[in-house]
Amino acid sequence: MVLKRMVLLASGIGVAMCLLLCLNVEGQRFGRRWRPIEPMERDLFPGNTFTFCRVQYSVDPGRGRGRGRRGGWATDYPEADENFSLRLSQITTLNVNQTEDGRFQHVIVHLDEEALFQYPFVYMCNVRGMSLTGAEQDGLRSYLLRGGFLMVDDFWGDNSWENWVYEISRVLPPDEYSLVPVPLDHELFHIVFDLDEVPQVPGVRSFYTWEGRDVSYEVRWSYDRYGTEARCWGIFDKEGRLMVVAIHNTDLGDGWEREGENEDYFHKFSEKLSYPIGINIITYAMTH
């Protein structure tokens, strides 16, 4: 797979000001309806065009929500994918894939199909119930070792973390490819926006009790072993390239999807945390 480097020409205060202006102008799109889970038609363009690519993975129904209306791989779909693509196009000079009628193109891929290798960046979420088949393990391993980048988001609590560690260890042997904390001085947190902490974004439903901090951490999950703080973990290849980023105990996708539902949530989480870290991750992935 040939992965073209796509450079995002944006930096510092100018980017932050642009983000604030863009989000304030178009962010308050309150009120919307759910839409069916139906992927857009794939349209692969050559050259420096970015397409947001979401992974549809296999699930074990006994571990958690899977192929249901808003569970598993499809959590926050399609609004998160569309809104993030819009903001990425506004804040960076990256050519974000659009259809002829101006809609932002986003795709769903399976890990065991060749189309996976057309996309240098893929997104996975809510991996509590993920149970990869042998073919999916082989596909993801090949994708990552040939230059691909995986971002994992929106998984909370002990069981979700342990399932993720188990599944990724079947893809990349941990004695060769360790899952390690990504330090806050890493370029990932500073390449476009300067972030001094791992962003913790609650689901919008939890936002209303977030300030109390006693019942806000996605209360349906258990945190007996790994704590409630957001943690950013990574896996590097043997040349030192960061190829996997997994952020535990945060819901960046809800910050993208739900930006138009609550103005306070939008300003506190979408504007200041979800979009900045997402743009940082994409920028890092496309330039390394």
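**Exercise 1. Is H186 buried or exposed in this predicted model, and what surrounds it?**

Step 1. Take the accessibility. H186 has a relative accessibility of 15%. Buried means under 20%. H186 therefore counts as buried.

Step 2. Place the residue. H186 sits in the loop between β7 (179-181) and α5.

Step 3. Look for a polar partner. The H186 side chain reaches the backbone nitrogen of L188 at 2.9 Å.

Step 4. List the contacts. Neighbours within four places in sequence are left aside; H186 then touches F236, L242 and Y284.

**Exercise 2. Find where H106 lies, and work out which residues it meets.**

Step 1. H106 belongs to strand β4.

Step 2. Its relative accessibility is 1%, so H106 counts as buried.

Step 3. Now turn to F52. Along the chain, H106 and F52 are 54 residues apart, yet their C-alpha atoms are separated by 4.9 Å.

Step 4. Check the side chain. H106 and E82 are joined by a polar side-chain contact of 3.3 Å.

**Exercise 3. Describe how strand β2 (residues 52-55) directs its side chains and how β2 is joined to β4.**

Step 1. Recall the rule. In a regular strand, side chains alternate between the two faces of the sheet.

Step 2. Apply it to β2. F52 and R54 point one way, while C53 and V55 point the other way. All of these residues are buried.

Step 3. Count the bridges. Four of them join β2 to β4 (residues 106-109). The two strands run parallel.

Step 4. Pick out one pair. C53 has V107 as its bridge partner in β4.

**Exercise 4. Test the length of helix α3 (residues 134-145), then find where its buried residues lie.**

Step 1. Work out the expected span. α3 has twelve residues, and at 1.5 Å a residue it should span 16 Å.

Step 2. Compare. The end C-alpha atoms of α3 are 17 Å apart, which agrees.

Step 3. Name the buried residues. They are E136, Q137, G139, L140, Y143 and L144.

Step 4. Look down the axis. The buried residues of α3 fall within an arc of 165°, so they line one face of the helix.

Step 5. Ask what covers them. The cover includes β5, β6, α4 (157-171) and β9.

Step 6. Go past the end of the helix. G147 follows α3, and its phi is positive, near 120°.

**Exercise 5. Which residues touch the most other members of the largest nonpolar core, and which elements build this core?**

Step 1. Start with the general tendency. In soluble globular proteins, nonpolar side chains tend to be buried together.

Step 2. Find the central members. The largest nonpolar core holds 43 residues, and F121, F149, L188, W256 and I281 touch the most other members.

Step 3. Trace the suppliers. Elements that each give at least two residues to this core include α2 (79-91), β5 (121-125), β6 (149-153) and α7 (263-287). α7 gives the most, with eleven residues.

Step 4. Zoom in on W256. Residues up to four places away in sequence are not counted; the contacts of W256 then include F52, F84, Y123, M151 and Y275.

Step 5. Look beyond. Another core of 36 residues lies apart from the largest one; I108, V109, V152 and W161 are among its members.

**Exercise 6. Sum up the whole protein chain: how many helices and strands are there, and what share of residues is buried?**

Step 1. The protein chain has seven helices and nine strands.

Step 2. Of its 288 residues, 58% are buried.

Step 3. Consider contacts between residues at least 6 apart in sequence. Of these, 78% join residues at least 24 apart.

Methods. Residues numbered from 1 in each chain as written. Predicted model: local features only at pLDDT ≥ 70, side-chain atom pairs only at ≥ 80, totals over all residues. Heavy atoms only, no water. Core = buried A, V, L, I, M, F, W, Y, C linked by side-chain atoms within 4.5 Å. Buried < 20%, exposed > 50% of the residue type's maximum accessible area, 1.4 Å probe, protein only. Helix = DSSP H or I, 4+ residues; strand = E, 2+ residues; numbered from the N terminus. Contact = heavy atoms within 4.5 Å. Expected span 1.5 Å × (residues − 1). Arc of directions from axis to C-beta. Polar contact = N/O pair within 3.5 Å; in protein donor to acceptor, adjacent residues only side chain to side chain. Pairing = 2+ DSSP bridges.
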